[in-house]
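Subject: Handing over a structure

Hi,

Here is the structure I promised to pass on. Have a look at it first, and then read my notes underneath.

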Amino acid sequence: MNTIIKRTHVRYSILLFLFLATVFNYADRATLSVVAPIMSKELGFNPEALGLAFSVFGISYVVMQIPGGWLLDKYGSRLVYGVALIGWSIVTMFQGTIYLYASPLIVLVVLRLLMGAIEAPAFPANSRLSVQWFPNKERGFVTAVYQAAQYISLGIITPLMTIILHTLSWHYVFYYIGAIGVALGIFWLIKVRDPLSHKAINQQEVDYIRDGGGEPELGSKKGPAKISFAQIKSVCVNRMMIGVYIGQFCVTSITWFFLTWFPTYLYQAKGMSILKVGFVASIPAIAGFIGGLLGGVVSDWLLTRGYSLTTARKFPVICGMLLSCVIVLANYTDSDVVVIAAMSVAFFAKGFGNLGWCVLSDTSPKEVLGIAGGVFNMCGNLASIVTPLVIGVILANTHSFDYAILYVGSMGLIGLFSYLFIVGSLERITLSPTTA
């Protein structure tokens with residue numbers, strides 16, 4: 001009598017780790033935005049100085065994307081991600097000590113630059129691990145889960161940080177959030193493995209991943225010894241990927257408004273207390289979380305119903321981009337309820353359409369997934385430099401958030417245009433023999 005061996009579900013434990021790591025990736029980024037209204041008063045930072053502190057993270061983050069992708073392809077996601085998680089969490093803790101120095105702004109800028117450089121491999125590693133551990137038909141949901149972690153970070157961790165800020169001081173926000181990240185990084189290195197080296201996985205699950213279009217062998221393959229210009233060019237210079245890069249820049253612009261200036265907007269423009277800001281800011285984040293999960297589920301459902309990859313991935317993106325433009329309604333009302341409703345709808349829409357990483361996983365050459373993720377994240381996260389600086393300059397010159405909100409709202413229209421008229425059909429790029 002033959003015994004049917006059921007496949008294991010180890011991949012979902014990996015998804016949990018991806019989710020938690022991404023929660024604290026965004027929590028560490030958001031620490032400064034939460035403490036900014038209080039810290040800037042204590043240390044005498046003006047809006048332009050604060051905008052600089054917000055944006056320098058993005059400079060090193062963008063610059064290190066391709067080197068970070070190379071590290072992933074060479075040394076694997078488990079090791080690089082785990083070490084990076086511990087590293088950026090330690091840097092977060094040190095940000096709580098900047099008041100001890102004669103030039104706290106310079107120290108803060110240096111630490112934010114260092115933090116951005118260390119965080120660079122995180123999202124390319126998420127993408128790479130999703131290809132290693134999941135078949136194509138589950139990848140939309142997987143991408144939605146780890147992308148939704150940013151909303152959980154904003155919706156749950158942000159109120160926690162404001163409680164720490166209110167009851168203790170801004171220094172302890174950095175200390176506590178950083179310490180949790182260090183503990184998580186150590187746990188990651190102990191528990192996370194590639195599919196073929198994980199003791200708990202059985203052959204049935206490995207076959208399921210492989211037969212469904214995943215790459216469980218990816219972690220055991222040697223990545224490229226060196227990055228050639230031809231390899232990078234083959235990933236970058238084609239119409240489809242250029243359109244995807246533009247779309248990701250637009251989505252990331254909306255994200256970085258919420259990660260940086262949103263608490264200050266509620267505190268200064270709407271006159272809310274810092275404690276109220278923490279809880280009110282969580283409402284759009286929860287909406288974004290729901291939208292993020294729903295977008296991934298809808299995309300995978302369309303794929304299983306027989307729709308093309310192009311339709312299944314682009315439909316949620318286009319709908320989300322269009323709906324995100326409602327954020328501009330906040331400029332035309334004095335009602336806090338309407339403002340938060342507009343922000344919540346916009347963040348829901350941004351989450352629903354935030355499938356750029358899924359598109360990347362579906363279309364990038366499997367031989368250079370780390371590099372491809374690095375290039376993609378580099379282009380998208382130019383917004384992490386541009387958005388905080390642009391808003392800081394707008395505030396310094398107009399003393400109003402109105403044009404800042406219009407700028408953020410315009411990103412939805414630009415992203416919509418890109419996916420409608422530039423991206424075209426989605427298909428996997430293959431490296432030519434001269435570049436492989």
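Below is what I found, starting with the whole chain and ending with single residues.

A word on the ground rules: this is a predicted model, so local features need pLDDT of at least 70 and side-chain atom pairs count only at pLDDT 80 or more, while totals for chains, interfaces and linings use all residues. Residues are numbered from 1 along each chain as its sequence is written, and side-chain values use heavy atoms, with hydrogens and water left out.

The whole chain

The protein has 19 helices and zero strands. Helices here are DSSP runs of H or I with at least four residues, strands are runs of E with at least two, and both are numbered from the N terminus. The C-alpha atoms fit a box of roughly 70 × 50 × 45 Å along the principal axes. The radius of gyration is 21 Å, which agrees with the value near 22 Å for a compact globule of 436 residues; it is taken over C-alpha atoms, and the globule rule is 2.2 Å times the number of residues to the power 0.38.

Of the 436 residues, 61% count as buried (under 20% relative accessible area; exposed is over 50%, partly exposed in between, with a 1.4 Å probe and protein chains only). Take the contacts (heavy atoms within 4.5 Å) between residues at least 6 apart in sequence: 84% of them join residues at least 24 apart. About 16,600 Å² of the protein is exposed, and carbon and sulfur atoms supply 69% of that (Shrake-Rupley method, 1.4 Å probe; for residues, only the protein chains shown count as cover).

Aromatic rings

There are 15 aromatic pairs. Rings of Phe, Tyr and Trp (its six-membered ring) pair if their centres lie within 6.5 Å; planes under 30 degrees apart are stacked, over 60 edge-to-face, and the rest tilted. One of these pairs is Phe17 with Phe187: the centres are 5.7 Å apart and the planes at 45 degrees, so the pair is tilted. Phe17 lies in helix 1 (residues 10-43) and Phe187 in helix 8 (residues 170-191), so this pair ties together parts 170 residues apart in sequence. Phe17 is buried at 12% relative accessible area, whereas Phe187 is partly exposed at 42%.

Tyr81 and Trp88 make another tilted pair, with centres 6.4 Å apart and planes at 45 degrees. Both of these residues are buried. Ring pairs link Phe17, Tyr81, Trp88, Phe187 and Trp188 into a cluster.

Helix 4 against helix 8

What does Ile86 touch, leaving aside neighbours within four places in sequence? Its contacts are Val182, Gly185, Ile186 and Leu189. Ile86 sits in helix 4 (residues 77-95) and is buried, with a relative accessible area of 18%.

From the other side, Gly185 is found in helix 8 and is buried at 0% relative accessibility. Not counting residues up to four places away in sequence, Gly185 touches Gly82, Leu85 and Ile86. Its C-alpha atom is 10 Å from that of Phe24, 161 residues away along the chain.

An unusual phi

Most residues other than glycine have a negative phi. His399 has a positive phi of about 55 degrees although it is not a glycine. His399 is in the loop between helix 18 (382-398) and helix 19 (402-421), and is exposed, with a relative accessible area of 70%.

Cheers
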